[in-house]
Amino acid sequence: MLPLISAKPQNLSPPLSFHFPLFPSSPTSSLPFHPPLKNTLRLRIRSIDAAQPYDYESHLRTQHFKSQSLKIAILGFGNFGQFLAKTFSRQGHTLLAYSRTNYTDTAKSLGVTFYNNPDDLFESHPEVVILCTSILSTEKVLQTLPFQRLKRSTLFVDVLSVKEFAKTILLKYLPAEFDILCTHPMFGPESGKNSWAGLPFVYDKVRIGNEEDRISRVERFLDVFAKEGCRMVEMTCAEHDRHAAGSQFVTHTMGRVLERFGLESSPINTKGYDTLLDLVEVTAGDSFELYYGLFMYNKNAMEQLERLDMAFEAIKKELFGKLHHVYRKQLFGNADEGAGDRPKVQKLLHNGAPPPADAVKPETS
Ligand code: NAP
């Protein structure tokens, strides 16, 4: 029971009621004092032996919740920054944001305090600063940030989809006292719109101080994703880029090729075709700048693009080779007997390299 007293303007029982004038005249006032009549707040004691509000379990829960919550600043409040903010906010973290575009209203609706300049944001001393800027702009952004306004123990996190590049520039521009955690949530506003459960979250603790509070802070940050059910994968930035070029870059490329191709839904879609339509939808939601960043700043991307190109050519060659055989049969009939046994299809793909010269034997007629 919380209230020991309640404010009730009417039907008061005289012996237990107190009268407080809302605007009492000051002792120095020259106006005469009048007993309160109309503008009076009457308070009545309703219970004097009520139990004090104390629930040990909820008290412990609140304490635990407070100790786990972080003050997080999001730099770059575009598509992905806002997507992360929704979950951070639901988990009860204190959120601040800065972006070159003014997102004050969007931020407000997400429970985020938006700053129009990074100086004011940094003077609020966030414990964690998370970089959600585009791959292409991040180096330029880092060069202009007023790091001197932050606490020297601040944890910097990035979410760039290319990791070796991110690690290199964070080590280059951040003061040596700051902690660095490179991460890549392998999902986005489309693929993670309903849940993050089972989705991979890659991270590399690039530089974390030995102090207990720094270690616990990075764990609390990682816990944000673990709590949502993400599959937590610790790997080096170089390893990430190798895997991501072969999977994520290829996925984005195929999505963009099919989008350009102009896939359309039909009344008789197969499951496979639905998968292709989904792929186009997922990749089309991301900016071209993001895709270009995957290509430009992952040194393994070019090789994967060439392999894709060769694989496409090889498939075409195989199809046309068979077609050629059918035509010959129609044109020359049995006179061409035996030609079908000759090797026609050359294997083009040997991990992206052309086959050795002696692998293609000249045809003998
Ligand atoms: P994006 O096009 O890669 O980046 C947009 C963000 O970059 C916006 O906040 C934008 O700020 C900022 N920005 C762009 N150019 C800028 C410049 N010259 N100066 C300052 N800020 C600039 O799209 P995104 O999807 O939001 O991705 C953000 C980051 O998250 C990227 O590094 C991306 O690799 C990573 N990521 C994205 C996904 C995804 O699914 N989308 C998944 C994992 C990781 P303004 O909005 O203020 O212009």
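A polar contact here is a pair of N or O atoms within 3.5 Å; within protein, one must be able to donate a hydrogen and the other to accept it, and residues adjacent in sequence count only if both atoms are side-chain atoms. This is a predicted model, where local features need pLDDT of at least 70, side-chain atom pairs count only at pLDDT 80 or more, and totals for chains, interfaces and linings use all residues. Residues are numbered from 1 along each chain as its sequence is written, and side-chain values use heavy atoms, with hydrogens and water left out.

**View 1. Ligand oxygens meet Gly-78, Phe-80 and Tyr-103.** A polar backbone atom of Gly-78 sits 3.0 Å from a ligand oxygen, and one of Phe-80 is likewise 3.0 Å from a ligand oxygen. For Tyr-103, an N or O atom of the side chain is 2.5 Å from an oxygen of the ligand. On its own the ligand exposes 870 Å², and the protein buries 88% of that (Shrake-Rupley accessible areas, 1.4 Å probe; for residues, only the protein chains shown count as cover).

**View 2. Helix α8 (residues 237-261) crosses helix α9 (residues 271-284).** Their axes come within 8 Å and cross at roughly 105 degrees (lines fitted to C-alpha atoms over the stretch in contact; angles run from 0 to 180 degrees between N-to-C directions). Helices are DSSP runs of H or I, at least four residues, numbered from the N terminus. So α8 and α9 are roughly perpendicular (65 to 115 degrees). Residues in contact (heavy atoms within 4.5 Å) include Met-254 and Leu-258 of α8 and Leu-276 and Val-280 of α9.

**View 3. Helix α6 (residues 163-173) meets α8.** Here the axes come within 7 Å and cross at roughly 150 degrees, which makes α6 roughly antiparallel to α8 (over 145 degrees). Lys-163, Glu-164 and Lys-167 of α6 touch Cys-237, Ala-238, His-240 and Asp-241 of α8.

Note on methods
Helix = DSSP H or I, 4+ residues; strand = E, 2+ residues; numbered from the N terminus. Parallel < 35°, antiparallel > 145°, perpendicular 65-115°, else oblique.
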